[in-house]
Amino acid sequence: MKKVITDLRTFQYFYPYTVAVVGAQVKDRANFMSCAWHTALSFDPPLFGILVAKKRRTYDFISEAKEFTVNFLVQEDLALSAQMGRVSGHDRDKVKEFQVELSPAVHIRTPVLDTAYAAFECRLRDIYSCGDHELFVGEVLAVQVREECFDRQGVLDPRQVKPLLYLGSDFYITVDPDTLEHKLP
Ligand SMILES: Cc1cc2nc3c(=O)[nH]c(=O)nc-3n(C[C@H](O)[C@H](O)[C@H](O)COP(=O)(O)O)c2cc1C
């Protein structure tokens, strides 16, 4: 018999999710935040969605820049996830303070994170209201990947990279490459 929960203030039974750091650049300042609530939305055109609460500084940055990058972190970047996800750009310049290493995007002004194993360059296409979060829909213009982390079909190789996964409440984990299987019906 399963326990039935109707108080959903702790709304994290669906984790683990990969941790992405998302953000945008406005004038000379970039701001990023950790984002676990993200999803692919369409192949053609390639659309990717991120959910950002209105009170986040990142919400203002993406709304103004009309573009954003989505940066997937490795387990070694756990501290970076905590810094980007527990400090607000309303109060501090996180990029400077935590010496976040950035490199240029190819199609937009917003930089990508150097240590990300994959980074999406997105042009903002739509914003939808979803309760206390807003769904930013981005058209993916380019994906920058660390080549050794993916096979020829774009499947992540868990022997080469340990993606950072979020379990909620500041707990993190990664994948075990020994459990990898390829199976068809
Ligand atoms: C691992 C992790 C995942 C998070 N996921 C989200 C998310 O999907 N959406 C969101 O609005 N906030 C999320 N947060 C909270 C923001 O990252 C956090 O409030 C951050 O400080 C906002 O920074 P900003 O004000 O500079 O935008 C997450 C925090 C952590 C630690």
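This is a stop-by-stop tour of the structure, with a selection to make at each stop. Bear in mind that the model is predicted.

**Stop 1: the whole chain**

Start with the protein chain in cartoon view. Its secondary structure comes to 3 helices and 12 strands. The radius of gyration is 17 Å, close to the 16 Å that the globule rule gives for 185 residues, so the chain is as compact as a globular protein of that length. If you draw a box along the principal axes, the C-alpha atoms fill roughly 50 × 45 × 35 Å. Colour by burial and 31% of the 185 residues count as buried. For a view of how the chain folds back on itself, take the contacts between residues at least 6 apart in sequence: 60% of them join residues at least 24 apart.

**Stop 2: strands 2 and 3**

Now select residues 20–26, which are strand 2, and 29–35, which are strand 3. These two strands pair in the antiparallel sense over 7 bridges. To see one pairing up close, show V22 in strand 2 and its bridge partner M33 in strand 3. The two strands form a hairpin with 2 residues between them, and here K27 takes a positive phi near 50°.

Is strand 3 mostly covered or mostly open? Mostly covered: 6 of its 7 residues are buried.

Keep C35 on screen, since the next stop uses it. Leaving aside neighbours within four places in sequence, C35 is in contact with A20, V21, V22, I50 and V52.

**Stop 3: the nonpolar core**

Select V21, V22, F32, C35, V70 and A116 and show them as spheres. The largest nonpolar core has 38 residues, and these six touch the most other members. Several elements give two or more residues to this core, among them strand 5 (47–53), helix 1 (57–65), strand 6 (67–72) and helix 2 (78–86). Strand 8 (112–113) and strand 9 (118–130) also give two or more.

**Stop 4: around the ligand**

Next, select the ligand and expand to its surroundings. How many residues surround the ligand? The shell holds 22, and the closest are W37, T58, G85, S88 and G89. Strand 3, strand 5, helix 1 and helix 2 each give two or more residues to this shell. The largest share, 4 residues, comes from strand 3, the strand whose residues you saw to be mostly buried. Colour the shell by class and you will find 10 nonpolar, 9 polar and 3 charged residues.

**Stop 5: strands 6, 9 and 10**

Move on to strand 9, which has a partner in strand 6 and another in strand 10. Strand 6 and strand 9 run antiparallel and are joined by 6 bridges. Pick T69 and you will find it standing opposite E121 in strand 9. Strand 9 and strand 10 are also antiparallel, paired over 12 bridges. For an example, show A119 with its bridge partner Q144 in strand 10. The two strands form a hairpin with 2 residues between them, where G131 in the turn has a positive phi of about 60°.

**Stop 6: the open sheet**

Select strands 1, 11 and 12. They make an open sheet of 3 strands in the order 1-11-12, with antiparallel pairing. Strand 1 (17–18) and strand 12 (171–173) are the edge strands, each pairing on one side only. Strand 11 and strand 12 pair over 3 bridges, and the partner of L165 is I173 in strand 12.

**Stop 7: two loop glutamines**

Finish with two residues in loops. Q75 is found in the loop between strand 6 and helix 2. With 16 other C-beta atoms within 10 Å, Q75 is partly exposed. Leaving aside neighbours within four places in sequence, Q75 is in contact with K162, L164 and T174. Try a distance from Q75 to L102: they are 27 residues apart in sequence, and their C-alpha atoms are 18 Å apart.

Then jump to Q160, in the loop between strand 10 (133–145) and strand 11 (165–168). Why does Q160 count as partly exposed? Q160 has 14 C-beta neighbours inside 10 Å, and that class lies between 12 or fewer for exposed and 20 or more for buried. Not counting residues up to four places away in sequence, Q160 touches E148 and C149. As a last distance, join the C-alpha atoms of Q160 and C130: these residues are 30 apart along the chain, and the separation is 36 Å.

Key: Residues are numbered from 1 along each chain as its sequence is written. This is a predicted model: local features need pLDDT of at least 70, side-chain atom pairs count only at pLDDT 80 or more; totals for chains, interfaces and linings use all residues. Two residues are in contact if their C-beta atoms, placed from the backbone, lie within 7 Å. The radius of gyration is taken over C-alpha atoms; the globule rule is 2.2 Å times the number of residues to the power 0.38. Two strands pair if DSSP finds at least two bridges between them. A nonpolar core is a set of buried Ala, Val, Leu, Ile, Met, Phe, Trp, Tyr and Cys residues joined through C-beta atoms within 7 Å. A residue is near a molecule or strand if its C-beta atom, placed from the backbone, lies within 6 Å of it. Ala, Val, Leu, Ile, Met, Phe, Trp, Tyr, Cys and Pro count as nonpolar, Asp, Glu, Lys and Arg as charged, and the others, Gly among them, as polar.
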